[in-house]
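Visitor: I am new to this structure. Please take me through one part of it closely, the sheets.

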Amino acid sequence: MSKRWFTPRWLIGLIALVVVAGAGVGIGLWASGGGSSKPRASTLVGPGDGAVSTAEAARQKKGAAVRDVTLTAAPTTLSLDGRKVTTWAFNGTVPGPEIRAEAGDVIRARVVNRLPDPLTIHWHGIALRNDMDGVPDVTQKAIKPGGEFVYRFTVTDPGTFFYHSHVGTQLDRGLYGPLIVDDRNDTTAPRRDITVLLDDWMDGTGRTPDQVLAGLRSGARDGNGSTDMGSDMGSMPGMTSPSSGSTSDGSEMNEMMPTKANPLGSDTVDLTYPYYLVNGRPATDPATFKVTPGERIRLRIINAAAETPFRVAVGGSKLTVTASDGFPVRPATADTVLVGMGERYDAVVTVPRSATVPLVAKVEGEDERAQALAVLRTGPGAGPMADVKPTELRGRLLTYDDLHAAPDVSLSARRPDRTYSVDLTGNMTTYKWGTSTDGKKNGTLPVRQGQRIRLVLDNRTMMWHPIHLHGHTFQVVTGSTPGPRKDTVIVPPMSRVTVDVDANNPGQWGLHCHNTYHAEAGMLTTLSYVK
């Protein structure tokens with residue numbers, strides 16, 4: 001059973017040498033060997049370093065409110081479409097309880113582990129202190145079965161975030177929940193929020209996530225049967241450039257390349273799930289929200305799925321996106337939005353004058369029947385069918401080119417101090433995924449406090465990858481106009497995406513694919529602060 005992410009042999013000796021003051025945590029890096037360098041223990045800014053405490057002290061305001069929450073992880077039983085499934089969850093519910101705070105508050109979360117396996121919690125999208133980031137063997141020791149741990153950190157940025165386990169494949173159980181940080185100074189947002197938490201679900205239906213991962217590694221595409229293409233996408237013969245999609249025959253690769261209709265390419269998922277959920281409910285028994293015709297509502301859309309991208313639309317209404325990954329953008333209107341794993345969007349809708357309005361999250365690129373559903377209800381009447389397809393799903397799709405950071409959150413104009421090329425690689429035969437930095441396999445990314453870092457994310461595989469950076473937000477480089485601020489970005493197959501990040505939060509920070517199975521199979525590295 002997968003319980004922690006792999007640490008390279010050369011680093012095991014380093015961990016033995018370094019014990020973080022006051023925390024007893026070894027400094028690990030998410031790599032599977034080699035690296036662009038093998039830093040000495042004394043050069044790393046670890047989670048227990050004084051610089052981490054200094055950064056947190058600068059974030060925390062005198063007299064800040066403390067929001068207390070207790071999260072108890074334990075086995076539980078859920079009902080999905082009349083079927084009883086056993087899983088793991090926080091406080092007995094899926095999703096876990098919504099944590100709500102205001103910008104500047106301190107969250108104090110007591111986490112109790114009543115699972116048979118170790119546990120940590122990652123606070124996805126929050127620029128928090130490194131020793132609270134929740135990555136086992138990197139920022140903390142995992143919470144042992146029967147143990148508990150108190151996370152305490154300041155939330156400085158308002159926005160839509162979430163929390164989830166960061167041990168093995170546990171995200172593909174029920175161990176996640178929303179984290180909403182309100183802005184008390186925002187007078188323009190709709191008075192009402194609806195949190196829309198998307199998920200793919202298999203746990204308790206005959207296979208565990210760990211069994212699925214083992215199946216993928218054995219060559220079964222769906223973790224249980226059909227085989228996948230068997231070639232190393234990082235070294236295909238005849239490839240002329242990482243973004244050209246050209247091979248000696250070219251035909252098969254060109255068919256899999258992203259297009260306007262299929263922006264993720266034709267190979268969008270490794271797994272087909274028996275259920276797709278909104279707020280823990282399947283399409284046959286949808287989550288329902290009482291609303292008023294003509295009411296303006298902010299949807300806080302969170303993709304907490306382990307493996308599935310969703311195309312989201314509301315029947316009879318356009319979506320006006322006002323924030324991406326918690327950070328405001330200039331309002332951009334579209335019919336539908338594509339949400340990768342780990343991404344979040346705030347979208348304002350005006351409720352149509354209809355008794356029931358479908359909110360549909362269709363699995364991108366999959367069977368037309370594969371979707372999640374929620375219902376906005378304004379009055380009595382029959383609800384939509386589980387397979388309803390609003391015309392908006394075929395309408396104008398929002399793209400990153402449409403999104404521009406609001407002026408007050410855009411990074412200042414500045415030349416990068418350091419540029420790294422981060423290659424995303426994969427071998428579908430053995431289901432081994434990976435990264436290389438500046439051509440060096442599994443190399444880490446050393447940075448220093450105060451630097452502007454440019455990351456060129458170069459996808460050399462025929463699958464798309466949602467790449468997530470811990471502890472920071474970056475800005476997508478889209479041309480002369482600043483792109484959106486994000487912490488998770490879609491990198492289409494055989495394509496490059498460039499982002500800029502300011503190194504302003506010291507520690508050891510994960511950079512990884514937010515497809516749980518790709519990350520567990522090796523697509524991860526570390527943004528590593530050095531002294």
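Guide: Here is a walk through two sheets, with a short stop at a pocket afterwards. Keep in mind that this is a predicted model.

Start with an open sheet of five strands. Their order is E24-E32-E31-E26-E29. The pairing is mixed. Strand E24 (445–447) and strand E29 (488–491) stand at the edges. Each has a single partner strand, so one side of each is left without a neighbour in the sheet. From one strand to the next, the twist averages 20°.

Now look at one edge of this sheet. E29 pairs with strand E26 (residues 465–469) in the antiparallel sense. Four bridges join the two. Find His468: its bridge partner in E29 is Thr488.

Move on to another open sheet of five strands. This one runs E12-E20-E19-E14-E17, and its pairing is mixed. The edge strands are strand E12 (287–290) and strand E17 (337–339), each pairing on one side only. Here the twist averages 25° from one strand to the next.

Stay at the E12 edge. E12 and strand E20 (residues 371–377) pair over four bridges, in the parallel sense. Lys290 stands opposite Arg377 in E20.

Last, the pocket. The largest pocket has a volume of about 1,000 Å³. Its lining counts 42 residues. Pro158, Gly326, Phe327, Pro328 and Val409 lie nearest the centre. Several strands each supply at least two lining residues, among them strand E8 (176–182) and strand E16 (327–334). By type, the lining divides into 15 nonpolar, 14 polar and 13 charged residues.

Terms used. Residues are numbered from 1 along each chain as its sequence is written. This is a predicted model: local features need pLDDT of at least 70, side-chain atom pairs count only at pLDDT 80 or more; totals for chains, interfaces and linings use all residues. Side-chain values use heavy atoms; hydrogens and water are left out. On a 1 Å grid over the protein atoms alone, a cavity is a set of points where a 1.4 Å probe fits but cannot get out, and a pocket is an open set with protein on both sides within 12 Å along at least five of seven lines; lining residues have an atom within 4 Å of a point. Grid points are joined across faces, edges and corners, and a volume is the space filled by probe spheres set on the points. Ala, Val, Leu, Ile, Met, Phe, Trp, Tyr, Cys and Pro count as nonpolar, Asp, Glu, Lys and Arg as charged, and the others, Gly among them, as polar. Two strands pair if DSSP finds at least two bridges between them. Axes are lines fitted to C-alpha atoms, for helices over the stretch in contact, and angles run from 0 to 180 degrees between N-to-C directions.
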